Every structure is written in structure tokens, then in C-alpha cells.
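Hi,

Here is the structure I promised to pass on. Have a look at it first, and then read my notes below with the model open beside you.

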Amino acid sequence: MRRTLLLSIYCLFLLIDATAQQLPLYTQYRDNWTQINPASLYNGYINYEHDVAIGISHRQQWTDPDLIGSPISTMAQFQYVVEDYNFFTGGYIVNDQTGNIGTTGIYGNFAYQIPLGKGRIDQTLSVGISGGLVQYSVDLSMLEMTATNAYLGLSEKIFYPDFGAGLFYHYDDKFYAGVSIPQLFGLNLEVRNTVKPENPFTLMRVRHYYAVIGGYFDFDFLEGETAFIEPSLWIRYVENVPLSFDVNIRYKPSDYFWLGVGYGSATVLPTVRTQVNTDPRPSIAPNKHILHLEAGVTLPYIFQPEGNLKIGFGYDVQLSEYLNNFGNSFEIHVIYSWER
């Protein structure tokens with residue numbers, strides 16, 4: 001009961017890394033490309049020239065069974081590259097739920113590729129945009145623990161349009177880098193309290209800035225013809241909050257499996273404000289430190305000669321004493337890609 005109470009208060013007034021709830025975090029961010037940057041190319045296209053991909057991912061944050069209302073994110077996505085006309089399109093549907101606050105969105109992406117390379121070098125700069133509709137749902141009827149019972153019986157859903165933009169640079173099958181603003185507009189969403197109008201519920205929706213960089217390097221330690229190492233870095237910035245980042249390295253010794261390890265760091269940020277909690281600054285600002293672990297398998301030649309089924313697992317171990325009571329995080333994704 002103590003942990004449930006602590007989590008409810010924590011999710012209501014504080015946010016570990018703003019992207020964790022307003023925009024979900026991913027251990028395997030390189031495989032959740034459509035939400036991070038609308039201009040980014042799926043790595044199956046970079047590695048294998050697969051121009052169609054569909055996938056689904058699911059993340060359970062803080063896996064302690066005693067916790068109720070821990071963050072859960074689910075996303076389905078697809079991408080279709082039209083090489084003859086230098087563009088690709090796609091989209092995704094995402095649902096993110098943290099306690100009594102939920103977000104569901106549907107988005108479409110479009111990106112145009114500007115060829116930069118000459119001769120046999122494949123080098124492009126993609127310019128992409130995304131647009132969609134987001135539903136914010138707030139149900140605070142269970143939070144009778146508040147001193148004034150200010151939110152007893154309050155439940156409401158709000159729809160709001162959302163847009164994003166990004167750039168993505170791709171050099172052959174060796175290097176990639178991108179910058180994006182996946183949640184372009186910042187605003188305060190206010191939910192009217194019919195029980196106590198003097199205590200409105202405000203969700204601060206803030207702008208996010210992302211940067212991703214990575215590369216592929218041949219590494220035949222196990223004498224695999226297709227073996228490579230992929231180091232990558234994901235940097236996130238939210239206004240008035242220090243930078244947070246994830247750095248990872250993935251080793252793929254063959255066509256059939258990979259292993260990865262990484263480290264993440266971020267800072268506490270407030271997300272909810274009421275008359276009881278009017279100061280937008282966090283009362284505490286500890287850093288979180290996370291060990292990323294991942295593994296996966298790829299099954300080539302599935303369903304068709306150019307098909308590839310990819311299944312990945314991610315596990316985050318909390319290294320910060322502040323978060324040890326919440327448990328660790330688990331993630332899984334399944335992606336099928338093929339060449340038309």
C-alpha cells in the first residue's frame with residue numbers, strides 16, 4: 001500500500017524525464033523510429049534495403065508487482081519507402097498510460113529524401129513532418145488521498161492536434177544522424193474540476209528536442225560475414241531541464257541474433273500543476289542512472305524470400321537509489337520488413 005501511494009503521488013506531481021510520459025522512452029529507440037523522428041529511416045532499410053516495415057512495441061516501466069499505475073506504453077508503426085520518387089511515408093498509433101493519466105495518439109509521417117552522394121555512394125538528407133490527433137484522458141476519481149479531495153469524481157478526455165518535424169542524414173550503410181521536434185507545440189491543458197472549480201487540473205505539455213547519432217562498423221570477431229557493431233547516442237532536451245541521454249552499443253555477430261548494452265541518465269521534472277502545487281520547479285531534482293540491456297533474434301526469409309522477422313527484448317536496471325523501490329523496466333518489439 002505504501003508503494004502504491006508513493007507511486008500515485010509521484011506520477012501526479014513529478015515526472016522522471018519529461019519524455020518518459022508525454023513521449024514514451026524506449027530502450028531500443030533505434031527500432032521505434034517513426035515516433036522519435038518523422039524523417040528517420042528504419043535500420044532494416046539502411047542494412048538490407050527493406051523498403052516496407054511494420055512493427056509493434058510494448059514497454060512496462062517499473063515492473064515491481066506491488067506497484068499499481070506504473071507507466072505502460074504500446075505503439076504500432078509502419079514505413080514505406082518509395083525509392084523512385086525519393087520519399088517515404090508511414091505512421092504510428094501510440095498509447096501511453098501512467099496511473100490515472102493517459103495519452104492515445106494517431107499520426108501520419110511524410111519525408112522527402114534529398115540525394116547528396118555522387119557515384120556509388122548512397123548519401124541522403126531526409127526532411128520529414130508528422131501530424132496527428134491526441135487524446136488526453138484524466139481520471140482522478142481514485143485519488144481520495146488528496147488533503148481536500150479536490151479531484152474526487154473528476155474524469156475527462158481532451159482531444160488536441162499534434163505536429164512534429166525532423167531532419168535525418170544517412171551516409172551509405174555506415175553512418176546516420178538526425179534531429180527532431182516530435183512534439184512541436186507546448187501548452188497547458190486544463191481540466192475543469194466540477195467538484196471544486198477553484199482547483200483546476202493542469203497538465204503541462206512541453207516541447208521536446210531530440211538528436212540521434214550512430215553508425216555501423218564491420219566486426220567479424222566470430223567470423224560472421226554480416227557481423228557488425230552499432231554504437232548510438234540519443235540526446236533529449238526539454239526546456240528549462242538539463243540534458244538527458246542514452247548511449248548504447250549493439251553487436252550483431254550474424255544474421256540471426258544480437259546483443260546490446262547501454263547507459264541512460266536523466267533528471268526529474270514536474271508535469272502537473274494545481275493551486276495546491278503552483279511552483280513549476282521540482283522540489284527535488286535527483287538524477288536517474290539506468291543500465292540498458294537488450295537482446296534479439298532475426299529470422300530471415302520468413303513468409304517471402306526478402307522477408308525478415310525481428311524480435312527484440314530490452315531490460316532496464318535502475319542504478320539510482322531514489323528509484324530502486326519502483327523496480328526495473330521491460331520492453332519487447334516485433335518488426336517485420338521486406339523488399340518489394
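Let's start on the outside. One thing to keep in mind throughout is that this is a predicted model. Strand β5 gives three residues to a nonpolar patch, which is the largest share. The patch sits on the surface and is formed by F110, Y112, I114, L116, V127, I129, L167 and V179, which together have about 670 Å² of accessible area. Two elements, β5 (101-115) and β6 (123-139), give two or more residues each.

Try picking out L167 from that patch. You'll find L167 in strand β7, which covers residues 155-171. Its relative accessible area is 37%, so L167 counts as partly exposed.

Now go inside. The largest nonpolar core has 26 residues, and the ones that touch the most other members are I36, L41, V94, F168 and W234. At least two residues of this core come from each of α3 (43-48), β3, β4 (87-98), β5, β6, β11 (208-215) and β13 (228-238). The largest share, three residues, is supplied by β4.

F168 is a good one to click on. Not counting neighbours within four places in sequence, F168 has contacts that include N37, A39, S40, L41 and I46. Further along the chain, T124, L125, S126, Y176, A177 and G178 are also among the contacts of F168.

Next, a polar residue: is S73 buried or exposed? With a relative accessible area of 5%, S73 is buried. S73 belongs to strand β3, residues 72-82. The side chains of S73 and D96 make a polar contact at 2.4 Å. Leaving out residues up to four places away in sequence, S73 touches P24, S57, H58, R59 and N95 as well as D96. You can also check the C-alpha atoms of S73 and L23: they are 9.4 Å apart, while the two residues are separated by 50 residues along the chain.

On to the charges. The whole structure has 10 salt bridges. E294 takes part in one with R30, where the closest N and O atoms are 2.5 Å apart. E294 is in strand β17 (residues 287-300) and R30 is in the loop between β1 (15-16) and α2 (33-36), so this pair ties together parts that lie 264 residues apart in sequence. E294 has a relative accessibility of 6%, so E294 is buried. R30 is buried too, at 7%.

E294 has another partner, R250, and their side chains meet in a salt bridge of 2.9 Å, N to O. R250 is in strand β14 (residues 244-252) and E294 in β17, so the bridge connects parts 44 residues apart in sequence. Both of these residues are buried. If you zoom out a little, you'll see that R30, D31, E230, R250, E294 and K310 are linked in a network of salt bridges.

Here is one more salt bridge to find: R340 with D51, with the closest N and O atoms 3.5 Å apart. R340 lies in the segment after β19 (329-338) and D51 in the loop between α3 and β2 (52-60), so the pair joins parts that are 289 residues apart in sequence. What about their surroundings? R340 is exposed, with a relative accessible area of 54%, whereas D51 is buried, at 6%.

Have fun exploring!

Notes
Residues are numbered from 1 along each chain as its sequence is written. This is a predicted model: local features need pLDDT of at least 70, side-chain atom pairs count only at pLDDT 80 or more; totals for chains, interfaces and linings use all residues. Side-chain values use heavy atoms; hydrogens and water are left out. Patches are made of residues with over 30% relative accessible area and no salt bridge: like charges are joined within 9 Å, nonpolar side chains (Val, Leu, Ile, Met, Phe, Trp, Tyr) within 5 Å. Accessible areas come from the Shrake-Rupley method with a 1.4 Å probe; for residues, only the protein chains shown count as cover. A salt bridge is a side-chain nitrogen of Lys or Arg within 4 Å of a carboxyl oxygen of Asp or Glu. Helices (H or I, at least four residues) and strands (E, at least two) are DSSP runs, numbered from the N terminus. Buried means under 20% relative accessible area, exposed over 50%, partly exposed in between (1.4 Å probe, protein chains only). Contact means heavy atoms within 4.5 Å. A polar contact is a pair of N or O atoms within 3.5 Å; within protein, one must be able to donate a hydrogen and the other to accept it, and residues adjacent in sequence count only if both atoms are side-chain atoms. A nonpolar core is a set of buried Ala, Val, Leu, Ile, Met, Phe, Trp, Tyr and Cys residues joined through side-chain atoms within 4.5 Å.
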